[in-house]
Amino acid sequence: RAALSAERAPPNDAPPDPTREIARAIEMTEEPESAWAGLDESRLKPKLDDYAVVILANCGTLHAVTQYAYPALRAYVQDGGGLIILPGDKVDPQNYNSAFFPTPAPLKDRMVPAVLGPADGDPERPETFRKLTRIDFDHPIFTPFHPATQPDARYFDRVLIKRHWTLAAAPNKTLAALAEYADHSPAIVEARFGDGKVILSSFPANAKWSNLPLNGAEFVPLMLQMVNYAQRRSDAEGPDVVAADDPATFSVSNAWSPVTGTVTDPAGRKTEMTFERFAGRAEAVFERTRERGYYTADVRGSRGENRSAALSFAVNLAPEESDSARVTEDQVRELLPSAAVTFVDQSAEAKQDATLDTTNELWRYVIYVLFAVIGFELLLATVLGGGGKRAEV
């Protein structure tokens with residue numbers, strides 16, 4: 001609650017924190033697991049659909065509260081919702097491994113390709129504490145801590161994981177680790193399921209198993225970045241501005257499939273778009289962006305209820321980009337003062353002049369040499385050839 005609150009006051013000497021903008025956009029609802037008691041699938045689905053991200057903070061009794069909890073959460077992620085799982089001492093790993101992560105027939109897949117193993121570490125024994133030693137700072141949830149932008153900062157150096165669940169890849173699966181321990185075992189992993197994202201941590205967000213929540217410089221931005229990254233994408237997305245002749249890509253939730261759409265250009269001409277399945281969504285590319293002005297894409301879905309969206313984008317052409325006036329040699333040299341510029345005239349007139357100009361042609365010299373060789377051979381045949389012996393028959 002503290003990390004996701006926009007009301008938190010930064011220290012007076014703290015640098016500007018861009019993640020505060022994320023916090024201002026978050027409207028958070030907190031409730032105990034018992035609040036799901038008695039809710040069936042018909043009531044859980046609309047309840048979850050109201051949220052862009054669901055965080056399971058050491059939740060271990062959801063399945064006991066309602067048998068529809070795990071199926072509803074899997075369906076929520078598959079339709080594009082974001083799920084962050086922070087398991088702690090209340091979680092039964094076997095329950096997650098057998099009832100939550102696997103999907104039933106006919107899909108028979110896994111929402112998370114990981115298996116929770118035995119807990120490791122003892123909060124009373126500092127020699128068992130572990131550190132996050134291998135972090136993917138290029139991943140969006142860790143970009144605020146990237147060494148390239150803050151080389152003097154030593155983020156996560158003071159973070160100690162006192163106890164954690166061991167994570168391993170499920171059979172025939174691979175794990176995308178965002179952070180690892182010194183022995184290369186996963187600490188935080190990411191998974192894609194349908195149109196949604198899942199972030200699974202090997203430790204909870206409490207001070208009992210880790211001191212991370214006590215290090216606000218790391219914990220607050222990390223939680224905000226997790227929420228920002230995992231949150232549900234818009235059902236229909238498109239660009240706001242496209243450069244001339246660049247493609248405009250439109251992405252629609254798979255829940256809309258089959259998807260159709262048209263793009264109307266500034267002249268009022270309509271072009272049909274073809275949507276194809278890509279990375280859990282339906283995507284279409286519009287390439288006829290030659291004219292300057294505003295374009296409108298009308299996207300329509302037909303699965304279940306009829307869904308539609310009108311997406312607009314602009315194609316901007318700067319006046320100087322459309323100026324076809326010829327640049328003179330003097331203007332080029334002025335624009336490139338330090339460059340060694342050589343001009344070659346390839347106009348039609350220059351080519352014609354080059355065709356008529358025979359001063360540099362070699363064919364006449366070849367003919368001269370050919371005649372000289374012929375004359376020399378005749379000389380050998382008539383003058384020197386007569387001194388030979390005659391043959392008698």
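Which residue just after helix 4 takes a positive phi? Glycine 80 does, at about 115°. Here are my notes on the rest of the model, point by point.

1. **What you are looking at.** This is a predicted model, in which local features need pLDDT of at least 70, side-chain atom pairs count only at pLDDT 80 or more, and totals for chains, interfaces and linings use all residues. Residues are numbered from 1 along each chain as its sequence is written, and side-chain values use heavy atoms, with hydrogens and water left out.

2. **The chain as a whole.** The protein chain has nine helices and 17 strands; helices (H or I, at least four residues) and strands (E, at least two) are DSSP runs, numbered from the N terminus. Of its 393 residues, 37% count as buried, where buried means under 20% relative accessible area, exposed over 50% and partly exposed in between (1.4 Å probe, protein chains only). Among contacts with a separation of 6 or more, 67% are between residues 24 or more positions apart; a contact means heavy atoms within 4.5 Å.

3. **The six-stranded sheet.** One open sheet follows the order 1-2-8-7-6-4, with mixed pairing. Strand 1 and strand 4 (134-135) are at its edges with a single partner strand each, so one side of each is left without a neighbour in the sheet. Two strands pair if DSSP finds at least two bridges between them. Strands of a sheet pair through backbone hydrogen bonds, either parallel or antiparallel.

4. **Following isoleucines across that sheet.** Strand 1 and strand 2 are parallel partners, joined over five bridges, and isoleucine 55 has isoleucine 84 in strand 2 as its bridge partner. Strand 2 (residues 82-86) also pairs with strand 8 in the parallel sense, over four bridges. There, isoleucine 84 stands opposite isoleucine 199 in strand 8.

5. **Strand 8 and its hairpin.** Strand 8 (residues 196-201) is mostly covered, with six of its six residues buried. Gly196, Val198 and Leu200 point one way, while Lys197, Ile199 and Ser201 point the other. Strand 7 (residues 186-193) pairs with strand 8 in the antiparallel sense over six bridges, and one of these links arginine 192 to lysine 197. The two strands form a hairpin with two residues between them, and glycine 194 in the turn has a positive phi of about 60°.

6. **Helix 4.** This helix is mostly covered too: seven of its ten residues are buried. They are Ala69, Tyr70, Ala72, Leu73, Arg74, Tyr76 and Val77. An α-helix has 3.6 residues a turn, so residues three or four places apart point the same way.

7. **Helix 5.** In helix 5 (residues 93-100), the buried residues are Pro93, Asn95, Tyr96, Asn97 and Phe100. Their packing partners include helix 3 (62-65), helix 4 (69-78), strand 1 (53-57) and strand 5 (164-169). At the start of helix 5, a side-chain oxygen of aspartate 92 comes to within 3.1 Å of the backbone nitrogen of glutamine 94.

8. **The five-stranded sheet.** A second open sheet to look at has the order 10-17-16-12-13, again with mixed pairing. Strand 10 (241-243) and strand 13 (270-274) stand at the edges, each with a single partner strand, so one side of each lacks a neighbour in the sheet. Neighbouring strands here are turned by 30° against each other on average, direction ignored; the axes are lines fitted to C-alpha atoms, for helices over the stretch in contact, and angles run from 0 to 180 degrees between N-to-C directions.

9. **Threonine 264.** Strand 12 (residues 259-264) pairs with strand 13 in the antiparallel sense over five bridges, and threonine 262 has glutamate 272 as its bridge partner in strand 13. Is threonine 264, also in strand 12, buried or exposed? Threonine 264 is buried, with a relative accessible area of 17%. Its side chain makes a polar contact of 3.2 Å with that of lysine 270. A polar contact is a pair of N or O atoms within 3.5 Å; within protein, one must be able to donate a hydrogen and the other to accept it, and residues adjacent in sequence count only if both atoms are side-chain atoms. Not counting residues up to four places away in sequence, threonine 264 touches Arg269, Lys270, Tyr294, Tyr295 and Thr296.
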